[in-house]
Amino acid sequence: MLNSVKEFLNYIENERNYSQHTITAYQNDLKQFYIFLSKEEKNIRFEKIQKDDVKNFLALLFENGVSKKSISRKLASLRSYFHFLIRTEKIKSNPTLGVKSPKKEKRLPQFLDEATVNKLLDLPSAETIEGIRDRAILEILYSSGLRRSELVSLKISNIDFHSQTIKVFGKGKKDRIIPFGKIASLRLNDYLKIRKSENKVLFVNDEGGNLSTQKLYNIVKKYMSKCVEINQKSPHVLRHTFATHLLNRGADIRVVKELLGHEDLSSTQIYTHVTTDKLKKIYQQSHPKATN
């Protein structure tokens, strides 16, 4: 089984062009499934795996308090793996067929209102190297809606100041071009003037090395903790905010989809629920017949 897992990971990396983040997630999910099976029997052969093995694995995850979202992702990993085994004629039937994903809790994305965003963007100091870097980071996150992994991998060469655009190497190894605002351009220029590293990556840590995704998360959380009341305090909140503010101000949802780098429009449509809720609230507060 372990050899077939290596072949599968090779396949999704080299032929399907999956991101390193996704490959690592698949690897961890399959390793966890392997460990689960190894407790049942020492010699694991993938052709002997049955639907009940998959269902028992998912049931154990649920009993251990793993979220429904994570369980669904692990099942998706198993489905892809067994589909690969069928495609390469290693097995004849997929043991994940008929195994249902748990129903996910519908949660609307958390986002900041415009006044709170303005407060947040003004928090980093303009007098220190760290503060100038952090001001640029927050502006770019809000101005472009980048994912955390996309921002930390940005290179200076990805920034075109003349056209005010960023070339992003996103999920699925697909490029997209994102515009950014005038203030973000100023903040980036301020940062590049005081940046001392020879690193080609745009945002660097205190030692001049690559900024990690964890460090980026900590930076954003530090400033959000000073002005934000919502529970979630992460770079992804600024991505949600970027999308929500665009739609609130009349942007076409298909344009927002392209800016976010979503594969499917359904991934973007969650933000329309947010804007609809806002419209209902305004209507109920403002229309004389709203409560009659």
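# A tour from Thr268 to the aromatic cluster

Start by selecting Thr268, which counts as buried because its relative accessibility is 0%. Keep in mind as you click around that this is a predicted model. You'll find Thr268 in helix α12, residues 265-268.

Now show the side chains around that spot. Which side chain makes a polar contact with the side chain of Thr268? Pick His262: the two side chains meet in a polar contact of 2.8 Å. If you skip the neighbours within four places in sequence, Thr268 is in contact with Ile253, Val256, Lys257, Leu260 and His262.

**Next stop: the sheet**

Select strands β1 (159-160), β2 (165-169) and β3 (175-179). Together they make an open sheet of 3 strands in the order β1-β2-β3, and the pairing is antiparallel. The edges belong to β1 and β3, each with a single partner strand, so one side of each has no neighbour in the sheet. A bit of background: strands in a sheet pair through backbone hydrogen bonds, and the pairing can be parallel or antiparallel.

Zoom in on β2 and β3, which pair over 5 bridges. Click Ile166 and look across: its bridge partner in β3 is Ile178. Do the like with Val168, and you land on Arg176 in β3.

Stay on β3 and turn on its side chains. Which of them point to the buried face? Arg176 and Ile178 do, while Asp175, Ile177 and Pro179 point to the other face and are not buried.

**On to helix α8**

Select residues 182-194. How far apart should the ends of this helix be? At 1.5 Å a residue, the 13 residues of α8 should span 18 Å, and the end C-alpha atoms are 19 Å apart, which agrees.

Colour Ala184, Ser185, Arg187, Leu188 and Tyr191, the buried residues of α8. Look down the axis: these residues cover an arc of only 165°, which puts them on the same side of α8. Spin the helix round to the face turned away from that buried side, and you'll meet the exposed residues Lys182 and Lys193. What covers the buried residues? Part of the cover comes from α6 (129-144), and β1 from the sheet stop is included too.

**Last stop: the aromatic rings**

Show Phe, Tyr and Trp side chains; the count comes to 12 aromatic pairs. Begin with Phe33 and Phe82, an edge-to-face pair with 6.4 Å from centre to centre and 85° between the planes. Phe33 sits in helix α2 (residues 20-38) and Phe82 in helix α4 (residues 68-87), so this pair ties together parts that are 49 residues apart in sequence. Both Phe33 and Phe82 are buried.

Now jump back to α8 and pick Tyr191 together with Phe203. Their ring centres are 5.3 Å apart and the planes are at 25°, so this pair is stacked. Tyr191 belongs to α8, and Phe203 to the loop between α8 and α9 (213-224), so the pair links parts that are 12 residues apart in sequence. Are these two rings buried or exposed? Tyr191 is buried, with a relative accessible area of 2%, and Phe203 is buried at 0%.

To finish, select Phe8, Tyr11, Tyr18, Tyr26, Phe33, Phe36, Phe57, Tyr81, Phe82 and Phe84, which form one aromatic cluster. You've already met two of its members, Phe33 and Phe82.

Key:
Residues are numbered from 1 along each chain as its sequence is written. This is a predicted model: local features need pLDDT of at least 70, side-chain atom pairs count only at pLDDT 80 or more; totals for chains, interfaces and linings use all residues. Side-chain values use heavy atoms; hydrogens and water are left out. Helices (H or I, at least four residues) and strands (E, at least two) are DSSP runs, numbered from the N terminus. The expected span of a helix is 1.5 Å times one less than its number of residues. Buried means under 20% relative accessible area, exposed over 50%, partly exposed in between (1.4 Å probe, protein chains only). The arc is that of the directions from the helix axis to the C-beta atoms. Contact means heavy atoms within 4.5 Å. Two strands pair if DSSP finds at least two bridges between them. Rings of Phe, Tyr and Trp (its six-membered ring) pair if their centres lie within 6.5 Å; planes under 30 degrees apart count as stacked, over 60 as edge-to-face and the rest as tilted. A polar contact is a pair of N or O atoms within 3.5 Å; within protein, one must be able to donate a hydrogen and the other to accept it, and residues adjacent in sequence count only if both atoms are side-chain atoms.
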